[in-house]
Amino acid sequence: MARNLLLAIGLPLGVFLLLVLAVEHWGDRLPNWLRRLSGRSALLWNIGIGLIIALSLLRWLLQR
(Lines give C-alpha, C1' and ligand atoms only; values in the text may rest on other atoms or scores of the structure.)
Protein backbone atom coordinates (compact mmCIF):
# COMPACT_ATOMS: atom_id res chain seq x y z
CA MET A 1 0.00 0.00 0.00
CA ALA A 2 2.80 2.43 0.81
CA ARG A 3 4.23 1.98 -2.69
CA ASN A 4 0.86 2.83 -4.24
CA LEU A 5 0.55 5.91 -2.04
CA LEU A 6 4.02 7.01 -3.06
CA LEU A 7 3.08 6.64 -6.72
CA ALA A 8 -0.31 8.32 -6.30
CA ILE A 9 0.89 11.31 -4.28
CA GLY A 10 4.64 11.44 -4.66
CA LEU A 11 4.85 11.33 -8.43
CA PRO A 12 2.56 14.32 -9.18
CA LEU A 13 4.07 16.26 -6.28
CA GLY A 14 7.59 15.49 -7.48
CA VAL A 15 6.84 16.64 -11.01
CA PHE A 16 5.30 19.82 -9.65
CA LEU A 17 8.32 20.56 -7.46
CA LEU A 18 10.75 19.92 -10.32
CA LEU A 19 8.86 22.33 -12.56
CA VAL A 20 8.80 24.99 -9.84
CA LEU A 21 12.55 24.64 -9.32
CA ALA A 22 13.18 24.83 -13.08
CA VAL A 23 11.13 28.01 -13.40
CA GLU A 24 12.94 29.57 -10.42
CA HIS A 25 16.34 28.63 -11.82
CA TRP A 26 15.76 29.85 -15.38
CA GLY A 27 14.03 33.09 -14.42
CA ASP A 28 13.78 35.25 -17.55
CA ARG A 29 15.53 32.68 -19.75
CA LEU A 30 12.56 30.33 -19.98
CA PRO A 31 12.06 28.20 -23.10
CA ASN A 32 9.28 29.43 -25.39
CA TRP A 33 6.77 26.78 -24.34
CA LEU A 34 7.26 27.62 -20.64
CA ARG A 35 7.16 31.35 -21.33
CA ARG A 36 3.73 30.95 -22.94
CA LEU A 37 2.48 28.89 -19.99
CA SER A 38 3.81 31.32 -17.40
CA GLY A 39 1.70 34.13 -18.87
CA ARG A 40 -1.48 32.42 -17.70
CA SER A 41 -3.16 32.73 -14.35
CA ALA A 42 -1.44 30.83 -11.54
CA LEU A 43 -4.83 30.04 -10.04
CA LEU A 44 -5.62 27.70 -12.94
CA TRP A 45 -2.34 25.80 -12.43
CA ASN A 46 -2.80 25.60 -8.66
CA ILE A 47 -6.30 24.19 -9.06
CA GLY A 48 -5.06 21.63 -11.58
CA ILE A 49 -2.21 20.40 -9.39
CA GLY A 50 -4.50 20.36 -6.35
CA LEU A 51 -7.03 18.25 -8.23
CA ILE A 52 -4.37 15.78 -9.33
CA ILE A 53 -3.13 15.35 -5.77
CA ALA A 54 -6.62 15.19 -4.24
CA LEU A 55 -7.93 12.69 -6.78
CA SER A 56 -4.83 10.52 -6.38
CA LEU A 57 -5.31 10.49 -2.63
CA LEU A 58 -9.02 9.70 -3.01
CA ARG A 59 -8.20 6.82 -5.35
CA TRP A 60 -5.68 5.44 -2.88
CA LEU A 61 -8.17 5.71 0.01
CA LEU A 62 -10.91 3.97 -1.95
CA GLN A 63 -8.63 1.07 -2.85
CA ARG A 64 -7.76 0.39 0.80
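**Close-ups of a three-helix chain**

Follow the chain along its sequence and you get the pattern α-α-α. This is a predicted model, so please read each view below with that in mind.

**View 1. The whole chain, helices and nothing else in the way of strands.** The count here is 3 helices and 0 strands. Measured out along the principal axes, the C-alpha trace spans about 45 × 20 × 15 Å. The radius of gyration is 14 Å, whereas a compact globule of 64 residues would come in near 11 Å.

**View 2. The surface of the chain.** Buried residues account for 11% of the 64 residues. The accessible surface adds up to about 5400 Å². Carbon and sulfur atoms own 69% of that area.

**View 3. Helix H1 packed against helix H3.** Zoom in on H1, which covers residues 2-26, and H3, which covers residues 42-63. Their axes sit 8 Å apart and make an angle of about 175°. That angle is over 145°, the cut-off for the label, and the two helices are therefore roughly antiparallel to each other.

**View 4. Side by side: the residues where H1 meets H3.** On the H1 side, the contact is made by Asn4, Leu5, Ala8, Ile9, Pro12, Leu13 and Phe16. H3 answers with Ile49, Ile52, Ile53, Ser56, Leu57 and Trp60. Sort the residues of this contact by type and you get 11 nonpolar, 2 polar and no charged. Asn4 of H1 and Ser56 of H3 are the polar pair in that tally.

**View 5. Val20, a partly exposed residue of H1.** Val20 belongs to helix H1. With a relative accessible area of 35%, Val20 is partly exposed, since that value falls between the 20% and 50% cut-offs. For a sense of distance, bring Leu7 into the frame: Val20 and Leu7 are 13 residues apart in sequence, and their C-alpha atoms are 19 Å apart in space.

**View 6. Gly50, a partly exposed residue of H3.** Over on helix H3 we find Gly50. Gly50 has a relative accessibility of 33% and also counts as partly exposed. Here the partner in the frame is Leu19, 31 residues away from Gly50 in sequence. In space, Gly50 and Leu19 are 15 Å apart, C-alpha to C-alpha.

Terms used. Residues are numbered from 1 along each chain as its sequence is written. This is a predicted model: local features need pLDDT of at least 70, side-chain atom pairs count only at pLDDT 80 or more; totals for chains, interfaces and linings use all residues. Side-chain values use heavy atoms; hydrogens and water are left out. Axes are lines fitted to C-alpha atoms, for helices over the stretch in contact, and angles run from 0 to 180 degrees between N-to-C directions. Helices (H or I, at least four residues) and strands (E, at least two) are DSSP runs, numbered from the N terminus. Angles under 35 degrees count as roughly parallel, over 145 as roughly antiparallel, 65 to 115 as roughly perpendicular and the rest as oblique. Contact means heavy atoms within 4.5 Å. The radius of gyration is taken over C-alpha atoms; the globule rule is 2.2 Å times the number of residues to the power 0.38. Buried means under 20% relative accessible area, exposed over 50%, partly exposed in between (1.4 Å probe, protein chains only). Accessible areas come from the Shrake-Rupley method with a 1.4 Å probe; for residues, only the protein chains shown count as cover.
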